[in-house]
Amino acid sequence: MKQSDVAVLIPSFEPDSVQLTKLSKDLFARGFFVLIVNDGSSAAFDNAFNSAAKFATVIGYPTNGGKGFALKYGFNYIKEKLPEISYIITADGDGQHAIEDIVRVSELLKKENRPVLGVRDFANKIPFRSRLGNDMSRFTQTVFNGRYLKDNQCGLRGFLRIDIDWLIKVKGKRYEYEMKVISYLQLKEVNFATCGIKTIYENNNSSSHFRPLVDTLRIQKVIFTKGLPRLCAFLIAVLLSFLFYQYCFKDIVIIDIELSTILSSIVTIITYSLFNYCIYRPFHPLKAFLRGLVAESLNIIGIYIGVEIFTRWLGLPIALTYFVSGIIMSIPNYYLLMSISLIYEAQN
């Protein structure tokens, strides 16, 4: 099957020669244009790249820049040197992605004509360092961005040529870059498709250069930063819950706590939507607002119940109760968003 208008971009740092050559050969046989970026590997790995160069174009630079840097270097090369390429698929060179899955992503990319994200099935046993990063990023990104994605760290992704401009502008040089790409798609309300793929970890993922602690913290920092609009809106609501209760409704004995809680929650939704719009300028503002409304709906109910129990019955300060209830409700909120996402995917 000819794929002459599809480039498979492979960032590679000190690779396994057998795996990289086999991947390049198999992709070349399927008709793909294979572009490998040597991310500043030492001279000891020259033979690995020379072997792969029989089936791929190899470019690179002398000093290691990180996976994100390598991907953007490759995107820029395609933009400037390969005008015949209309579709770009990013893939790892360490054996994590099956050829059949790369082909399926390519086919879906052409059919949907929008970005495609590979989503692993996680059917096999996963190395601890990989599971840790996946579980943490999936939970925190769902809570902060209000949008569930089963796998937000898969390197197998498909993009259109027109996506290159914004892909190059996304900041980040290392593993956090891929998370920032996901955040861009979600917060900008860019329509994208997902493609289920196999979960493969060769030799317990021993060839991976992912550092569990450092790189996980980098990724969490990205998620936290992108989630600041929601966090700020929530903290404002905590403050307002106190002000409403203390100065507006305190003398209304029956509905004082209820009014303070409900109005503060409404402010959370409106403030978050305004912050999100001003900072990220989503392409579909109404859709972004409705998504935020759904994400906050369960929070309102949970916070209301928490305030009733801890403030009215136990006499705790309403602002403290609001804050604690909001944190607790992030867990059921996560599962609500996950259920909505799975139902949506099943219907599409």
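Let me start with one term. A residue is buried when its relative accessible area is under 20%. One caution as well: what you see above is a predicted model.

Helix H4 is a good place to use that term. H4 runs over residues 99-112, which makes 14 residues. From first C-alpha to last, H4 reaches 20 Å. That is close to the 20 Å expected at 1.5 Å a residue. Which residues of H4 are buried? They are Ile99, Asp101, Ile102, Val103, Val105, Ser106, Leu108 and Leu109. After H4 comes asparagine 113. Its phi is positive, near 55°.

H4 also takes part in a salt bridge. Lysine 110 meets aspartate 5, side chain to side chain, at 3.0 Å from N to O. Aspartate 5 sits in strand E1, residues 3-12, while lysine 110 sits in H4. The two are 105 residues apart, so this pair links distant parts of the chain. How open are the partners? Aspartate 5 is partly exposed, at 21% relative accessible area. Lysine 110 is partly exposed too, at 31%.

Now the other salt bridges. How many does a search of the whole structure find? Eight. Lysine 22 and aspartate 26 form one of them, with their closest N and O atoms 2.9 Å apart. Both are in helix H1, residues 17-29. They are four residues apart, so about one helical turn separates them. Lysine 22 is exposed, with a relative accessible area of 52%. Aspartate 26 is partly exposed, at 23%.

Next, aspartate 92 and lysine 67. Their closest N and O atoms are 2.8 Å apart, and they form a salt bridge. Aspartate 92 lies in the loop between strand E4 (87-90) and H4. Lysine 67 is in helix H3, residues 67-81. So the pair ties together parts that are 25 residues apart in sequence. Aspartate 92 is buried, at 11% relative accessible area. Lysine 67 is buried as well, at 16%. There is a third member here. Lys67, Asp92 and Glu178 are joined into one network by salt bridges that share partners.

Let us move to an aspartate without a salt bridge. Aspartate 39 is in strand E2, residues 32-39. Is aspartate 39 buried or exposed? Buried, yet it has no salt bridge. The nearest side chain of opposite charge is arginine 174, and that is 5.8 Å away. A salt bridge needs the nitrogen within 4 Å of the carboxyl oxygen, so arginine 174 does not qualify. What does the side chain of aspartate 39 make polar contacts with? The side chain of tyrosine 61 is one partner, at 2.7 Å. The side chain of asparagine 64 is another, at 2.8 Å. Leave aside neighbours within four places in sequence, and aspartate 39 is in contact with several residues, including Ser12, Phe13, Gly65, Gly66 and Lys67. Lysine 67 is the residue we just met in the network with Asp92 and Glu178.

Tyrosine 61 brings us to the aromatic rings. Seven aromatic pairs turn up in a search of the whole structure. Tyrosine 61 and phenylalanine 69 have ring centres 5.0 Å apart and planes at 90°, so this pair is edge-to-face. Tyrosine 61 is buried, at 14% relative accessible area. Phenylalanine 69 is partly exposed, at 31%.

Tryptophan 166 and tyrosine 184 pair in another way: they are stacked. Their centres are 4.2 Å apart, with 5° between the planes. Tryptophan 166 is in helix H6, residues 164-169, and tyrosine 184 is in helix H7, residues 176-187. They are 18 residues apart, and the pair links distant parts of the chain. Tryptophan 166 is buried, at 12%. Tyrosine 184 is partly exposed, at 22%. Both rings belong to one aromatic cluster, together with Phe75 and Phe159.

Last stop, alanine 56. Where is alanine 56? In the loop between helix H2 (46-52) and strand E3 (57-61). Alanine 56 counts as buried, at 11% relative accessibility. Not counting residues up to four places away in sequence, alanine 56 touches Ser24, Val34 and Ile36. Threonine 21 is 35 residues from alanine 56 in sequence. In space, C-alpha to C-alpha, those two are 9.0 Å apart.

Methods
Residues numbered from 1 in each chain as written. Predicted model: local features only at pLDDT ≥ 70, side-chain atom pairs only at ≥ 80, totals over all residues. Heavy atoms only, no water. Expected span 1.5 Å × (residues − 1). Buried < 20%, exposed > 50% of the residue type's maximum accessible area, 1.4 Å probe, protein only. Phe/Tyr/Trp six-rings, centres within 6.5 Å; stacked < 30°, edge-to-face > 60°. Lys, Arg positive; Asp, Glu negative; His and termini not counted. Polar contact = N/O pair within 3.5 Å; in protein donor to acceptor, adjacent residues only side chain to side chain. Contact = heavy atoms within 4.5 Å.
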